[in-house]
Amino acid sequence: MVNMGNGPVRTDKPKNIILLIGDGMGLTQISAGMYANGNSLNLEKMPVTGLMTTYSYNKLITDSAAGATAFACGCKTRNGALGMTADKKPCRTILEQAQSFNMACGLVATCSVTHATPAAFVAHVQERADKEAIATYFVEKPLDLFIGGGLQFFENRKLDQRNIRRELEGKGCLIYDYRDKKLSEVPFDPAHPVAWFSAMDEPDHILNGRDYLPLAARIAPDFLKKRANGKGFFMMLEGSQIDWACHANDGKRAIAEMLDFDAAIGEILRFAERDGETLVVVTADHETGGMAIEQGSNLDSLALDFTSTYHSASMIPVFAYGPGSKSFSGIYDNTDIYKKMIAALQW
Ligand code: MG
Ligand code: ZN
């Protein structure tokens, strides 16, 4: 295990925040990924750990929309709602607050960018399924960077005749997509906001060849730091499909998604160690599948089982590194993730 406590951390106030969300990543998903990976994860390098409750306003078992809204806005909301309070009013997100301070902002996901977790940071809708409505929020105050699927909700809309991609390009954003460029071929010119669409709808799962998350994790912080021009940045990166693999009760795929997310964590920690002014927080919105590592397992072959095809209500681990990380130890609520980030930034 590598101790990262000796990095160039100078103060307790971070300039940048990188929030990493492994959707559906409970302790068993982490444990299974670690055992399957030679008993090792990048996650182990993070010095501060905590636990949090994840229930939503109206359900003990949250969905990803209410879970991400707790992180983005610090409030409990109803399952299905994004960036809305429990009484159905829009609530300001940490990303929108960062934009108001002229910080650079970015979202990276292995789902569509209009899917619940990334959408909670930019959109204000009562119903997570309204993906075309969610896409319109991306053009109101364009992000400096976004990477993920969902191109159809920008280009081929049924709701209206708008082409959100063209509107973003009209605002100076450089938009690329999987049809003409791999992520590795995209020129990241910090003079412009940049987006890369990885799929028309949802990206492939990891065992079907999707491979861009660790590369996106390597590119995004350096790009956002340049875009921020000294003002700091906020970034959310999601390993979106740990959840989907566990809904499908597919342990092999869940481990592969977990290790893809952990590779992204490794890239982010390398940046944060070099940078010294970045608070990194890794957590999950909820556990999925009621996953268990059962009798008969050993390090070389895990016997995995599931008790559910939906989410569970077990507490979720939180990991933190960098300036402001100390406050993330202990047991608290998912809405406290927002409050602790805001307190660290001294807003
Ligand atoms: Mg998600
Ligand atoms: Zn789910």
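These are my notes on two metal sites in a predicted model and on the strand β1 beside one of their donors.

**Ground rules.** The model is predicted, so I keep to its cut-offs: local features need pLDDT of at least 70, side-chain atom pairs count only at pLDDT 80 or more, and totals for chains, interfaces and linings use all residues. Residues are numbered from 1 along each chain as its sequence is written, chains are lettered from A and ligands numbered from 1 in the order in which they are written, and side-chain values use heavy atoms, with hydrogens and water left out.

**Entry: magnesium.** I looked up what holds the magnesium ion (ligand 1), and the protein donors are Asp23 (OD), Thr117 (OG1) and Glu238 (OE), 2.0 to 2.2 Å away. Donors here are N, O and S atoms within 2.8 Å of the metal (3.2 Å for Na, K and Ca); water is not among the atoms, so sites may look incomplete. The sequence spacing reads D-x93-T-x120-E. Aspartate 23 sits in the loop between β1 (16–22) and α1 (27–36), while glutamate 238 is in strand β7 (residues 233–239), so I have a link between distant parts of the chain, 215 residues apart. Helices (H or I, at least four residues) and strands (E, at least two) are DSSP runs, numbered from the N terminus. Both aspartate 23 and glutamate 238 are buried (under 20% relative accessible area; exposed is over 50%, partly exposed in between; 1.4 Å probe, protein chains only).

**Entry: strand β1.** I checked burial next: 7 of the 7 residues are buried, so β1 is largely enclosed by the rest of the structure. Asn16, Ile18, Leu20 and Gly22 cover one side, with Ile17, Leu19 and Ile21 on the other. For neighbours, I count strands as paired if DSSP finds at least two bridges between them. β1 runs parallel to strand β8 (residues 278–283), with 6 bridges, and leucine 19 faces valine 281 there. β1 also runs parallel to β7, again through 6 bridges, and isoleucine 17 has phenylalanine 234 as its bridge partner in β7.

**Entry: zinc.** Which atoms coordinate the zinc ion (ligand 2)? I find Asp243 (OD) listed twice, plus His247 (NE2) and His311 (NE2), at 2.1 to 2.3 Å. The 4 donor atoms make angles of 58 to 154°, and the site is irregular. That label is for whatever fails these tests: four donors are tetrahedral if all angles lie between 85 and 135 degrees; four are square planar and six octahedral if opposite donors are over 155 degrees apart and all others between 65 and 115. The spacing is D-x3-H-x63-H. Histidine 247 lies in helix α9 (residues 242–247) and histidine 311 in strand β12 (residues 311–312), so the pair ties together parts 64 residues apart in sequence. Histidine 247 is partly exposed at 26% relative accessibility, whereas histidine 311 is buried at 6%.
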